[in-house]
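I opened this model to look up how its chains are built and how they meet. My entries follow in the order in which I looked.

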Number of protein chains: 2
Amino acid sequence: MKILILQEKIKKGLSIIERISSKSLTLPILNNVLISTEKSFLKLSTTDLEIGINWWSLAKIEKEGEIVIPSKLLLNFINLLPNKKINFIKKGDDLNIECDNYNTKIKGFSPEEFPIIPKIGKEEFISVKNMDFCKGLSQLVDIATPSTTRPEISGLYFNFKKDLITTAATDSFRLGEKTISLRGKGPIDKEYSLIIPQKTIKEVINIFSEKEGEMKIYFSPNQIMFESLMQETIHEEIQIISRLIEGEYPNYKEIIPKKFTTQLILNKEDFINQIKSAALFSGKVSEIKLKVNSAGKEVDILSQSIDIGDYKSSIPSKIKGNDLTISFNYRFLLDGLLNIKSSEVTLDLNGDSGPGVLRPVGDETYLYVVMPIKSS
Amino acid sequence: MKILILQEKIKKGLSIIERISSKSLTLPILNNVLISTEKSFLKLSTTDLEIGINWWSLAKIEKEGEIVIPSKLLLNFINLLPNKKINFIKKGDDLNIECDNYNTKIKGFSPEEFPIIPKIGKEEFISVKNMDFCKGLSQLVDIATPSTTRPEISGLYFNFKKDLITTAATDSFRLGEKTISLRGKGPIDKEYSLIIPQKTIKEVINIFSEKEGEMKIYFSPNQIMFESLMQETIHEEIQIISRLIEGEYPNYKEIIPKKFTTQLILNKEDFINQIKSAALFSGKVSEIKLKVNSAGKEVDILSQSIDIGDYKSSIPSKIKGNDLTISFNYRFLLDGLLNIKSSEVTLDLNGDSGPGVLRPVGDETYLYVVMPIKSS
C-alpha cells in the first residue's frame with residue numbers, strides 16, 4: 001500500500017471516523033481504523049460493532065492495500081503535521097508515514113482481524129436535507145435513555161411514511177415527538193417503523209448537522225444507512241451504518257393528552273430563567289411548583305427547602321381554563337423548554353396529576369409531554 | 001441590614017470572591033460569604049483560612065448590618081436575576097432578596113461564626129502594573145507543586161529589592177525564574193524575601209490579569225496583601241490577603257548553569273509541534289531524545305516505544321559547541337516552551353546529564369532550567 005494525500009483532507013476524515021472507534025479493552029481491535037484503497041479513493045473505516053462509519057476521499061493511490069492502525073494515535077499525530085502531502089507506505093504490518101521533515105513508523109495490525117462493516121442493499125431510500133433533519137433530531141435525541149430492562153426506549157422511534165418522518169423519544173418520565181416533512185419530495189412506497197440507537201442519532205447529528213446538502217437514508221430489515229455526498233468537496237463521501245433495536249416501541253401516542261384543563265402561554269426565556277432560579281432552592285427532590293393565577297394573569301413559580309430557603313417569582317401569562325397548583329421536576333421542564341426554538345411556548349395542563357404538554361408557539365411539528373410530581 | 005445595589009455590580013463582586021470560598025465539609029462556614037456594610041459601601045468577604053478576599057462597592061446603604069450567606073448559591077441566584085436594582089434585607093438570620101418580580105429568602109448564618117480576615121499595617125508597599133506583574137507570574141506559577149515534605153516549594157519564591165522583583169518556582173525537576181523591573185518607580189528601602197502560596201498567586205493572576213491599572217503590594221512578617229483600586233470603576237476595591245509559607249526557599253541560584261557545552265537556537269512553534277508529535281510515541285516513560293547534528297545544522301527529535309512505533313523528525317537549528325544526544329521528559333520541556341512568548345528560544349545544554357536551560361531570544365528576564373533523563 002502506498003498512498004499520497006494532503007494533510008487537511010485525511011485530518012478531516014480521521015476526525016469524523018475516530019469518535020466511533022471505541023476504547024474497548026475486551027476487543028482492542030475496535031480502537032483502530034482500517035485504512036484501505038478503493039480505485040482512486042482512500043477509505044477509512046471504524047466500528048464499535050453497533051455502528052460502522054466509512055469515509056472516502058480522492059487520493060493518489062500508488063499501490064493498493066490495507067492496514068489497521070490505532071485511530072486515536074493516528075488522528076493526534078496527523079493533527080500535528082503541517083498541511084503538506086503525506087505519504088502512507090505499508091511495510092509488513094507497520095505503516096510508515098512521511099511528511100515534510102517527519103519520518104515515522106506506526107505498528108499496525110492485520111486487516112483480517114478487523115470486523116466487517118455490513119453492506120446494505122441500495123433499493124429504497126429517502127433523501128433529507130442534512131440541516132433540517134439534524135435540527136429536528138437534536139430536539140429529542142437527549143430524551144432517550146439507556147435501559148437494559150426496556151431496550152426499546154434506549155433508541156429513538158422513527159416512522160417513515162410517504163413524505164413524512166415522525167420520530168419520538170422517551171425515558172418514561174417525559175416524551176418528545178417531532179415530525180419532519182419532506183414536502184412531497186421523494187415519497188416512499190413502503191412504510192418503515194424502526195428504532196434507531198441513540199448513539200447512532202448522536203453521530204448522525206455530529207457529522208451532518210453543519211454540512212450543507214442532503215443525505216440518503218437506506219432501509220434494510222436489521223440495519224439502516226445514512227449516506228452523504230458532501231457538497232463542499234464532491235470528492236468525499238460518508239456512510240454511517242447502524243444496527244436497529246429489536247422490539248416494539250411503546251404506543252406513545254396514547255399518553256399524549258388530547259385536551260387540557262388549563263392552558264398557559266409564556267415567554268420562553270423568562271420561564272427558563274425563573275425555573276433555573278427556583279431550581280437553586282428546590283433541594284434534593286428537584287421539585288418546583290407552578291401556581292396559576294388567572295385573575296392576576298400570571299403564574300407564580302415557587303420552591304423551598306428547609307436548608308436553603310424559600311423562592312418565589314412570577315411570570316406574566318395568557319391563561320385559559322382553571323386555576324391550579326402543580327409540581328414538576330424542574331429538570332424535566334427545563335429539558336423540554338431548552339429543546340424549543342420559539343420565543344413563546346404553550347403549556348397545557350390536565351389537573352394537578354395529569355401530563356403537561358409543552359409546544360412551541362407557531363410550530364406544530366414538536367411537542368414535549370412531561371409528567372408532574374404527584375402531590376403528597 | 002438593608003442595601004440597594006445594581007445586579008451587575010454585585011454579580012461582578014461575587015464572581016471574584018466566590019472562588020475562594022471553599023467546599024469545606026469540616027468547616028462549612030467557609031462555604032459562605034460575609035456581606036457587610038462600611039459607610040456607603042457594600043463589602044463582600046470570603047476566606048479559606050489561607051487566603052482572604054475583600055471586595056467593596058458603592059451602594060445605597062439604608063440600614064447597616066452584616067450577614068453570612070452560602071456564596072455559591074448567592075452567586076448562582078444573582079447571575080440569573082435581571083440587571084435591575086436588588087434589595088437585600090436582613091430578617092433574623094435570613095436574607096430577603098427582592099428584585100423585579102423575584103422575592104426570595106435565603107437562610108443565613110450568624111456573622112460571629114465567620115473567621116476574621118487579618119488586617120495588614122499599611123506601612124511599606126510597592127506599586128506594580130497589574131498586567132505586567134500577572135503576565136510575569138503566569139510564566140512560572142504552574143511549576144510550583146504541592147508538597148507536604150517540602151512545603152517551601154509548594155509556594156513561589158519572591159525577592160523584592162529596590163525596584164526589582166525576582167520570583168522563582170520549582171518542583172525539583174525543573175525551575176523557572178522571572179525578574180520584573182519597576183524601572184526605578186517607587187523603590188523600597190528594605191529587602192523582602194518570602195514564599196507565597198501557589199494558590200494565592202493563581203488568584204492574583206485570575207483577578208488582576210485582565211484589569212488595567214496598578215495594584216499595591218503590602219508586606220508584613222507573616223502576611224502579604226495585594227490591593228487594587230480598579231480604574232474602570234473607582235467605586236470598587238479589592239484586597240487579597242494571604243499567609244506566607246514559612247521556611248527557607250532552596251538556594252536555587254546554585255543550580256542555574258553559568259556555561260554550556262552546546263547551545264541551540266530554535267524556532268519555538270516548530271520545536272513545540274515536534275515535541276508534541278514525538279510525545280505520542282514516547283510510551284509510559286515520556287522520554288524523547290534530542291540528537292544534535294551540527295554538520296547538518298539541525299536537531300533530530302526521536303522517540304520510540306515497543307507497542308506504538310518509532311518517531312523521527314528534524315528541526316533546523318543554529319548550533320554552537322559539541323554534538324550530543326540527550327533525553328528529556330517531554331512534559332518538562334513542553335511546559336517551559338509554552339511559558340515562553342518569543343518566537344525563537346535558546347536551549348543551553350551541559351553534556352548529556354547536566355541541566356538544560358531554555359531562554360526566550362531577546363528577553364533576559366526569564367529562564368527555565370530542566371533536568372535531563374539520565375541515559376541508562
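Entry 1, domains. I took the centres of domain 1 of chain A and domain 3 of chain A over C-alpha atoms, and 50 Å separate them. The bounds come from an automatic or database domain assignment, which gives domain 1 (2-113), domain 2 (125-253) and domain 3 (256-370) for chain A.

Entry 2, ground rules. This is a predicted model, in which local features need pLDDT of at least 70 and side-chain atom pairs count only at pLDDT 80 or more, while totals for chains, interfaces and linings use all residues. Residues are numbered from 1 along each chain as its sequence is written, and chains are lettered from A and ligands numbered from 1 in the order in which they are written.

Entry 3, chain A as a whole. Along the principal axes, the C-alpha atoms of chain A fill a box of roughly 80 × 55 × 40 Å. I found six helices and 26 strands in chain A; helices (H or I, at least four residues) and strands (E, at least two) are DSSP runs, numbered from the N terminus. Of its 376 residues, 41% count as buried, meaning that 20 or more other C-beta atoms, placed from the backbone, lie within 10 Å of the residue's own.

Entry 4, contacts. Two residues are in contact if their C-beta atoms, placed from the backbone, lie within 7 Å. Among contacts in chain A between residues at least 6 apart in sequence, 65% join residues at least 24 apart.

Entry 5, the two copies. I superposed chain A on chain B by a rotation of 180° with 0.0 Å of shift along its axis, at RMSD 0.0 Å; the fit is by least squares on the C-alpha atoms of residues with pLDDT of at least 70 in both. The two copies are thus related as by a two-fold rotation axis. The C-alpha of chain A nearest the axis belongs to A:Lys23, 17 Å from it.

Entry 6, the interface. On chain A, 24 residues are in contact with 24 residues of chain B. Helix H2 (71-80), strand S9 (102-107), helix H5 (268-280) and strand S21 (309-316) of chain A each supply at least two residues of this side. I also noted that 100% of the interface residues of chain A are interface residues in chain B too, so the copies meet through the same surface.

Entry 7, the sheet. Which strands form it, and in what order? Nine strands form an open sheet in the order S23(A)-S19(A)-S20(A)-S21(A)-S9(B)-S8(B)-S7(B)-S1(B)-S5(B), with antiparallel pairing; two strands pair if DSSP finds at least two bridges between them. Strand S23 (325-329) of chain A and strand S5 (60-63) of chain B stand at the edges, each with a single partner strand, so one side of each has no neighbour in the sheet.

Entry 8, pairing across the chains. S21(A) and strand S9 (residues 102-107) of chain B pair in the antiparallel sense over three bridges. I read off the partners: A:Gly309 stands opposite B:Ile106, A:Asp310 has B:Lys105 as its bridge partner, and A:Ser313 stands opposite B:Tyr102.

Entry 9, pairing within chain A. Strand S20 (residues 298-305) of chain A and S21(A) pair in the antiparallel sense over eight bridges, and a hairpin joins S20(A) to S21(A) through three residues. The bridge partner of A:Ser303 in S21(A) is A:Tyr311.

Methods
Buried ≥ 20, exposed ≤ 12 C-beta atoms within 10 Å, placed from the backbone.
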